[in-house]
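Trainee: Please give me a close look at one part here, the contact between the chains. Keep it brisk.

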Number of protein chains: 2
Amino acid sequence: MCSRGHSVNGLRLHPNRMEYTVSKLARMYGLSRSTLLYYDSIGLLKPAHRTEAHYRIYTESDMNRLEQIRTLRNAGVPLSEIKIMLEDPASRSGRILVQRLKAIQQQMKILRQQQRLIVHLLDKPQLLKKLPLLSKKKWILILRASGLDDKGMELWHREFEKTAPAAHQDFLESLGLSPEEIREIRQQH
Amino acid sequence: MCSRGHSVNGLRLHPNRMEYTVSKLARMYGLSRSTLLYYDSIGLLKPAHRTEAHYRIYTESDMNRLEQIRTLRNAGVPLSEIKIMLEDPASRSGRILVQRLKAIQQQMKILRQQQRLIVHLLDKPQLLKKLPLLSKKKWILILRASGLDDKGMELWHREFEKTAPAAHQDFLESLGLSPEEIREIRQQH
DNA sequence: CTTGACTTGTCTATTGCTTGACAGTTTATC
DNA sequence: GATAAACTGTCAAGCAATAGACAAGTCAAG
């Protein structure tokens, strides 16, 4: 009630300057305290300063950095590369992101193979209906039912190949076609 | 040359009974020795017996088991679940595989989101051409160029929804549409 | 019997955290 | 001013599935 400033606490937080302790920051960003402690330990995000009791104090610039970190983490970029990107903003960033895109593609390929394998293991046709697996046959039926004839389908392949070759490749793979079959189709168009 | 049996070695391998040491087995299956050691340590694949020098000896039945393990591993099933499946062949196998399929779907969803995010971060349209990312716009252009009109496209959606609803959902997601947009499209058909 | 090549078992490191323990600090209440 | 709750710090271990280092063991040749 008597006021020597309304709450000079032991942490010496400047409420108007937006300074936070670990747990508070963690809660703000939906992270666990441990995560922030970990980021500190690997030198990815060090708090601006500490109190005399050695408590971590994070400031606004730390928050900016944390936001960048989380964005990149949401993109699946590993912490080691995030560190590089933040230290060397322009230079390597593009390369790292493109690299990550390639890794994602690779990962998707693997996952599709796993899907096929499992379906094969289960070998229960009734399950197939519920699963997001399209076979070549089904796909053709769908296009046919939409009114495309042989000529139209050829056009479709050609157009797909021209507009988005990489996506075309991925799509054919997702139908479970063999590499040779894919090569054949793509070369025809 | 003199024969007290043509090679009674310290390991006491019976060459006709197909027994192998760790490294040999590893090489046969293209695995690292560490992998087999690990499988042993967690009780997933224990060698049939050991030599007096405590070397691991794997027999044919171990090889059968290993093949099953690798097949399931190739399907992305975690070792802990593989163990359960091998101990209790019939009962839980189906459930575990279906569960794995769901996890794969989930993982693909995450990867697609990461793809979108990275492309957004890069924001370099010239890269987009090389990447397997299809936008709604592009997709429509492709179908149009194949000769489908508005009516045909509607048919196409309906047919897709009827034949493979889950795949339809996945496909729409992969175009980067928002959940609401997806819901709308699917309900119309 | 010694040398060298090749094993073996055991142990540690990796990624991105999470969980937990234990001790010191701060805060709020009485 | 004491006390309890809620915080903080540091350290350690844990997860999956290997990869690699290391010293000790084994084998074939000389």
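Mentor: The contact comes before the cores, and a single chain closes the account.

This is a predicted model, where local features need pLDDT of at least 70, side-chain atom pairs count only at pLDDT 80 or more, and totals for chains, interfaces and linings use all residues. Residues are numbered from 1 along each chain as its sequence is written, chains are lettered from A and ligands numbered from 1 in the order written, and side-chain values use heavy atoms, with hydrogens and water left out.

Start with the contact (heavy atoms within 4.5 Å). Chain A puts in 49 residues, and chain B puts in 49 residues. The two chains bury about 4,200 Å² between them, with 81% of it on carbon and sulfur atoms. That area is the accessible area (1.4 Å probe) lost on putting two parts together, summed over both. Salt bridges across this interface number zero. The rule wants a side-chain nitrogen of Lys or Arg within 4 Å of a carboxyl oxygen of Asp or Glu.

Now the symmetry. A turn of 179° and a shift of 0.1 Å along the axis lay chain A on chain B with an RMSD of 0.3 Å. That is how a two-fold axis relates copies. The fit is by least squares on C-alpha atoms of residues with pLDDT of at least 70 in both. Of the interface residues of chain A, 96% are also interface residues in chain B, so the copies meet through the same surface.

Next, the cores. A nonpolar core is a set of buried Ala, Val, Leu, Ile, Met, Phe, Trp, Tyr and Cys residues joined through side-chain atoms within 4.5 Å. Buried means under 20% relative accessible area, exposed over 50%, partly exposed in between (1.4 Å probe, protein chains only). The largest core holds 57 residues, and Leu36(A) and Leu36(B) have the most contacts inside it. Helix α5 (residues 93-122) of chain B gives the most to this core, nine residues. Beyond its neighbours within four places in sequence, Leu36(B) touches residues including Val22(B), Leu45(B), Tyr58(B) and Leu66(B). A second, separate core has 32 residues, among them Ile142(A), Ile185(A), Trp156(B) and Ala164(B).

Last, chain A alone. It has ten helices and two strands. These are DSSP runs, numbered from the N terminus: helices H or I, at least four residues; strands E, at least two. Of its 189 residues, 38% count as buried. His54(A) sits in the loop between β1 (49-50) and β2 (56-57). Its phi is near 75°, a positive value in a residue other than glycine. His54(A) is exposed, at 57% relative accessible area.
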